[in-house]
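Hi everyone, thanks for coming. Please have a look at the next slide with me, and then I'll talk you through it.

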Amino acid sequence: KRMKITGLALMICASLLTGFSLYDRDRRRVRTLEKLEQLLEEMETAVRYTATPIEEILCRCAENPLYAPLCFLQSIGEAVKKGSYNDRSFCRCLEENTAEMGLTTEDIQPLLLLGTRLGATDVEGQLSVLKLCRRQLAEVREREAQHCKKTGKMYISLGLCVGIGAAIFLA
């Protein structure tokens with residue numbers, strides 16, 4: 001009898017943990033979008049106040065531990081160090097690492113636009129595209145934060161209910 005109760009309790013815990021895992025996945029996505037916004041803000045500041053080439057700015061950001069979750073930056077940093085960075089590298093590195101960062105194709109659309117324009121225009125053009133991209137990312141992040149808030153509770157509750165339902169069914 002004790003084994004049965006222990007098994008049922010473990011089943012409830014496992015389904016509850018599944019709910020928490022789904023909630024954490026969505027929270028990670030929101031945190032990654034926040035990091036991307038911070039990155040764009042730092043890039044905007046560097047473009048505005050320094051005469052540093054965009055490749056150097058990207059390389060410096062890739063080395064910053066604050067941006068470690070943005071694994072596409074490490075790929076860009078490697079490309080810059082190898083001397084193989086070109087106008088398509090930003091988009092390619094971003095697309096290759098989208099899933100690993102927990103993002104969707106919709107999430108990276110503003111960044112793909114940025115990748116095509118980065119370093120291709122004068123300072124004012126780069127500042128305007130960085131600002132536009134940051135604004136679009138903020139909208140995506142806000143929408144995802146609302147979605148995460150709404151569905152997070154649902155995932156946890158559903159995990160608990162499924163676990164309890166299965167325990168009752170098997171008891």
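I'll start with the core, then go through some helix pairs, and finish with two single residues. Please keep in mind that this is a predicted model.

So, the core. The largest nonpolar core has 37 residues. Inside that core, M43, F72 and F90 have the most contacts. Which helices feed this core? At least two residues come from each of helix 1 (2-49), helix 2 (54-63), helix 3 (71-82), helix 4 (89-97), helix 5 (105-117) and helix 6 (123-170). Helix 1 contributes the most, with seven residues.

Let's zoom in on F72. Leaving aside residues up to four places away in sequence, F72 touches L36, L39, F90, C93, L94, N97 and M101. You'll recognise F90 from a moment ago, as one of the core residues with the most contacts.

Now to the helix pairs. In general, we describe two packed helices by the angle between their axes and the distance between the axes.

Take helix 1 and helix 2 to begin with. Their axes come within 10 Å and cross at roughly 140°. An angle over 145 degrees would count as roughly antiparallel, and this pair is therefore oblique. The crossing of helix 1 past helix 2 is right-handed. On the helix 1 side, the residues are L39, E42, M43, A46 and V47, and they meet I54, I57, L58, R60 and C61 in helix 2. Sorted by class, that contact has eight nonpolar residues, no polar ones and two charged ones.

While we're on helix 2, which of its residues are buried? They are I54, I57, L58, C59, C61 and A62. These buried residues pack against helix 1, helix 3, helix 4 and helix 6.

Next, helix 1 with helix 5. Here the angle is about 20° and the axes are 11 Å apart, and the two helices are therefore roughly parallel. Helix 1 passes helix 5 in a left-handed crossing. R29, L33, L36 and L40 of helix 1 meet D107, L111 and L114 of helix 5. That contact divides into five nonpolar residues, no polar ones and two charged ones. L36 in this list is also one of the residues that F72 touches.

Helix 5 packs with helix 6 too, at an angle of about 175° and with the axes 9 Å apart. That makes the pair roughly antiparallel. From helix 5, the contact uses E106, D107, P110, L111, L113, L114 and R117. Helix 6 brings V129, L130, L132, C133, Q136, L137, V140, R143 and E144. By class, we have ten nonpolar, one polar and five charged residues in this contact.

Let me finish with two single residues. L113 lies in helix 5. Is L113 buried or partly exposed? Its relative accessibility is 27%, and buried would need under 20%, so L113 counts as partly exposed. Beyond its sequence neighbours up to four places away, L113 touches L132 and Q136. The C-alpha atoms of L113 and C133 are separated by 7.7 Å, with these positions 20 residues apart along the chain counted as their spacing.

The other one is E37, in helix 1. What about its accessibility? E37 is at 13%, so this residue counts as buried. Outside residues up to four places away in sequence, E37 touches R134, L137, A138 and R141. L137 also appeared in the contact of helix 5 with helix 6.

That's my tour, and I'm happy to go back to any part of it.

Technical notes:
Residues numbered from 1 in each chain as written. Predicted model: local features only at pLDDT ≥ 70, side-chain atom pairs only at ≥ 80, totals over all residues. Heavy atoms only, no water. Core = buried A, V, L, I, M, F, W, Y, C linked by side-chain atoms within 4.5 Å. Buried < 20%, exposed > 50% of the residue type's maximum accessible area, 1.4 Å probe, protein only. Helix = DSSP H or I, 4+ residues; strand = E, 2+ residues; numbered from the N terminus. Contact = heavy atoms within 4.5 Å. Axes fitted to C-alpha atoms, helices over the stretch in contact; angles between N-to-C directions. Parallel < 35°, antiparallel > 145°, perpendicular 65-115°, else oblique. Left-handed = near helix turned anticlockwise from the far one by under 90°. Nonpolar A, V, L, I, M, F, W, Y, C, P; charged D, E, K, R; others polar.
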